Amino acid sequence: QVQLVESGGGLVQPGGSLRLSCAASGFTFIMYDMSWYRQASGKERELVASISRFGFTTTYSDSVKGRFTISRDNGANTVSLQMNSLKPEDTGVYYCNARRTFPRLGENYWGQGTQVTVSS
């Protein structure tokens with residue numbers, strides 16, 4: 001059974017930091033690129049950051065570049081998102097995503113999401 005379980009969300013003041021984690025199980029983690037998406041209330045889900053299978057390539061949306069860092073631990077089947085200098089516009093539900101890219105593009109899996117609220 002495939003599972004992506006996010007944790008680490010919460011309420012933080014502007015300028016603060018949070019670290020999100022996603023624990024994966026039920027599939028071969030090393031065959032998947034991992035990403036974090038977010039969805040603010042009333043808006044479409046957007047890609048925040050991605051990391052390739054071995055972590056050699058990372059990409060970020062312009063809105064979080066320089067503030068967020070995505071990383072993965074292939075031994076522990078986890079992916080993390082370190083979020084610094086948080087802004088109110090970073091508020092939303094953050095979702096962990098797994099997309100199979102080896103040996104070819106394949107299925108997508110999603111976590112249930114974790115709420116991040118940036119407010120004073």
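A residue counts as buried when its relative accessible area is under 20%, as exposed when that area is over 50%, and as partly exposed in between (1.4 Å probe, protein chains only). By that yardstick, Cys-22 and Cys-96 are both buried. The model is a predicted one, where local features need pLDDT of at least 70 and side-chain atom pairs count only at pLDDT 80 or more, while totals for chains, interfaces and linings use all residues. Numbering starts from 1 along each chain as its sequence is written, and side-chain values use heavy atoms, with hydrogens and water left out.

The chain turns out to have eleven strands and zero helices; both are DSSP runs numbered from the N terminus, with at least four residues for a helix (H or I) and at least two for a strand (E). As for overall size, the radius of gyration (over C-alpha atoms) is 14 Å, which agrees with the value near 14 Å for a compact globule of 120 residues; the globule rule is 2.2 Å times the number of residues to the power 0.38. The C-alpha trace spans about 45 × 25 × 25 Å along its principal axes. Buried residues account for 38% of the 120 residues.

Back to the two cysteines: they make up a disulfide, with 2.2 Å between their sulfur atoms, and the structure holds one such link (cysteine sulfur atoms within 2.5 Å). Cys-22 sits in strand S3 and Cys-96 in strand S9, so the pair ties together distant parts of the chain, 74 residues apart. The link is left-handed, at -85 degrees about the S-S bond.

Next comes the largest nonpolar core, meaning a set of buried Ala, Val, Leu, Ile, Met, Phe, Trp, Tyr and Cys residues joined through side-chain atoms within 4.5 Å. It has 26 residues, and Met-34, Trp-36, Leu-81, Met-83 and Tyr-94 touch the most other members. Several strands give two or more residues to this core, among them S4 (32-39), S8 (78-83), S9 and S11. The biggest giver is S3, with four residues.

Strand S11 (residues 114-118) has two faces: Thr-114, Val-116 and Val-118 lie on the covered one, Gln-115 and Thr-117 on the uncovered one. S11 also pairs with other strands (pairing takes at least two DSSP bridges). Strand S2 (residues 10-12) runs parallel to S11 and is joined to it by three bridges, with Gly-10 opposite Val-116. Strand S9 (residues 92-100) is joined to S11 by three bridges as well, but antiparallel; here Val-93 has Gln-115 as its bridge partner.
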